[in-house]
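Please study the sequence and the model shown below before attempting the exercises. Each exercise is followed by a solution in steps.

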Amino acid sequence: MTDAALLINLTAIAVAVAAVGLLPRISRDTVPFGVRVPPERVGAPEISAATRTFTLSVLATGVLAVLVGLLLWSALPPGAAAAAVGTLLAAGLVGCYARAHRAVRRAKAQGDWYVGLRQGVVADTSLRTEPLPYPWLGALPSLLVIAVTAVVGAVLYPGLPDRLVTAVVYRGEDVEYTTAATTPLTAFAPVLFQALAVAVLLALLRFTLRSRPDGDASRPRENADRHRRFLRIWARTLLTSALLAALAIGALALLFWTGAMAEAGPAAAALVAAPMLLSGLVVIGVAVRIGQGGWRLHAEPRDGAGTGLVQQDDDRFWHLGGVVYINRHAPGLLVPKRASGFGWTVNLGHPAAWAVLGAVALAVAVPIALGLLGVVDLSGSEFYGWKFEPETE
Amino acid sequence: MILAIDLDSDVPIYQQIRDRIVQAIASGELREGSPLPTTRQLGADLGVNFHTVNKAYDLLRREGLLRLSRKTGAVILRDPSTGAPDPAFFPGWEGRLGVLLAEAIAQGVTADEIVERCRHQLPRAAAPDGAENEEDEREGQRT
């Protein structure tokens, strides 16, 4: 295995372990490991113990995956080794989470944690009557980068060679180039990707600014204040991420059009990878810092002794450890995630959910089907960028 | 406006929504012209069927406190500064007041105590929720 491939594999394991290991920090304190608990039980010894055990077992799983990987990478073909290590790691991490989830559920059931408590739900009507305005000004830099990239492409297009290097494959000491005939579609494909990436992030922002917040019936005013601050921070985060993604793809387009992709060597990949990686790290960093729905943000005390209510225990609608939500009677299509990190998840009990999932499945299945039928070439000739593959023997 | 619903209460959810909006109007949190979310928006945020919210809004409309229109949505129609209510308001309200008073009398509460408690409750009904919470805390500290 080449050093670059080994580094990539180890980094992938580290990222997976970190992502799962940080879940308790991102998830709300009142929903440890996907189990709703009353506020006064947040510091319960059973939850602390489950968190400690979870963290240690996740780290141990990561170490085990590295050790097994080092054995398998030398014994199996790269694809088979990666699949085996990936499967082992995924199964191990899921097992760690499932164990912690069961531990908290058991403690909650045995301790009757909701007995004697009045459950409620809460809404902040001002989120609907005075919603945060869409930050169009903040979206301008990304749109400007797309426009500049398109203009540069239009200026350079007449002077482009008959074939463009679209991808560089490093296979040990060997270097292979993938080329494509220069047409408006192939030449401007990076601009289309750029526009699509930014459009998806801006659409995600539009949706999240209007999405249903995660309520706290015990301290609703403080929760509402936190949610507004969360939305403003989240908007800035997504806009920053969109700008970095636009810059990364713009850099790729420049390398592509000027022929530097073929000449500059593997270090050129860093010019594109760095802002793209940063784009993802910004989102992850914010998620870890402020938590799901901004629950970690400070809020001025405005609820006095509290309302006397606790947020409704809706565990019965959450399945697979708090990852899947199914509630036929809930009106919302999307609900705040409970266990699987930061963001929102689809209510699979909502009639529109299956239409959305069906559309996504079709979007994936149709190109694959067309490829298998030979209508579309899926050989990877349209791949733009760099690949690092192990040396063939 | 924060709208909290007690799911363990005997009071139906639509009634709690209606009561909370009335309290918000009385305290000045909602004023004439203040908009309210659509029935679907509020239903989605509370996790209840939008027909439940619709029932609450319809109660308020019939009481003359809410205007519902396809163009402007749900808007508060009157508040304490709007002026005296329609004379038709009093028979229904006095009927409900009569039942409340009868409940207290049936439990042995004297007329003086009823008046004193009403006197104590009246400013709280007209106070924003924050002020009510602060007063509750001060009372708690005194006792």
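The exercises that follow concern a predicted model.

**Exercise 1. Determine how the length of helix α6 of chain A compares with the span expected for a helix, and describe its surroundings.**

Solution.
Step 1. Helix α6 of chain A covers residues 136–156, which is 21 residues.
Step 2. The rule to apply is 1.5 Å times one less than the number of residues. For α6(A) this gives an expected span of 30 Å, and the end C-alpha atoms are indeed 30 Å apart, so the two values agree.
Step 3. The axis must also be examined: α6(A) bends by about 25° at A:S142.
Step 4. A:S142 is also among the buried residues of this helix, together with A:A139, A:V145, A:I146, A:T149 and A:G153.
Step 5. The buried residues of α6(A) pack against three helices of chain A, namely α7 (184–187), α8 (189–209) and α9.

**Exercise 2. Decide whether helix α9 of chain A is largely enclosed or not, and compare its span with the expected one.**

Solution.
Step 1. Helix α9(A) has 39 residues. Of these 39 residues, 28 are buried, so the helix is largely enclosed by the rest of the structure.
Step 2. From its first C-alpha to its last, α9(A) reaches 56 Å, which is close to the 57 Å expected at 1.5 Å a residue.
Step 3. Just after α9(A) comes A:G259, with a positive phi of about 80°.

**Exercise 3. Describe the pairing of strands β2 and β3 of chain A, and state how far β3(A) is covered.**

Solution.
Step 1. Strand β2 (residues 163–171) and strand β3(A) pair in the antiparallel sense, over eight bridges.
Step 2. One bridge can be located by its residues: A:L164 has A:A180 in β3(A) as its partner.
Step 3. Strand β3(A) spans residues 174–181, and the count of buried residues among its eight residues is zero, so the strand is hardly covered.

**Exercise 4. Characterise the side of chain A that touches chain B.**

Solution.
Step 1. The contact involves 25 residues of chain A and 26 residues of chain B.
Step 2. On the side of chain A, the elements giving two or more residues are β1 (118–124), α5 (126–129) and α9 (220–258).
Step 3. The largest share, seven residues, comes from β1(A).
Step 4. By type, the residues on this side of chain A are 10 nonpolar, nine polar and six charged.
Step 5. Strand β1(A) is also joined by five bridges to strand β1 (residues 2–6) of chain B, and the two strands run antiparallel. Within this pairing, A:V121 stands opposite B:I5.

**Exercise 5. Classify A:R106, A:D112 and A:L320 as buried, partly exposed or exposed.**

Solution.
Step 1. The cut-offs refer to other C-beta atoms within 10 Å: 20 or more means buried, 12 or fewer means exposed, and values in between mean partly exposed.
Step 2. A:R106, in helix α4 (residues 78–111) of chain A, has 13 such neighbours and therefore counts as partly exposed.
Step 3. A:D112 is found in the loop between α4 and β1 of chain A. With 9 neighbours, A:D112 counts as exposed.
Step 4. A:L320 lies in the loop between β5 (318–319) and β6 (324–325) of chain A. Because A:L320 has 15 neighbours, it is partly exposed.
Step 5. The backbone angles of the two loop residues deserve attention. Most residues other than glycine have a negative phi. Phi of A:D112, however, is positive, near 45°, and phi of A:L320 is positive, near 55°.

**Exercise 6. Summarise the make-up of chain B and of its annotated domain.**

Solution.
Step 1. Chain B contains six helices and four strands, which follow the pattern β-α-β-α-α-β-β-α-α-α along the sequence.
Step 2. Of the 143 residues in chain B, 25% are buried.
Step 3. Among contacts in chain B between residues at least 6 apart in sequence, 52% join residues at least 24 apart.
Step 4. An unreviewed UniProt entry lists "domain: HTH gntR-type" for residues 11–79 of chain B. Over these residues the chain is 52% helix and 14% strand, with end C-alpha atoms 24 Å apart.

Key:
Residues numbered from 1 in each chain as written. Chains lettered and ligands numbered in written order. Predicted model: local features only at pLDDT ≥ 70, side-chain atom pairs only at ≥ 80, totals over all residues. Contact = placed C-beta atoms within 7 Å. Nonpolar A, V, L, I, M, F, W, Y, C, P; charged D, E, K, R; others polar. Pairing = 2+ DSSP bridges. Bend = angle between axes of the 7 residues up to and from the residue. UniProt positions renumbered as here; feature names shortened; annotations may be inferred.
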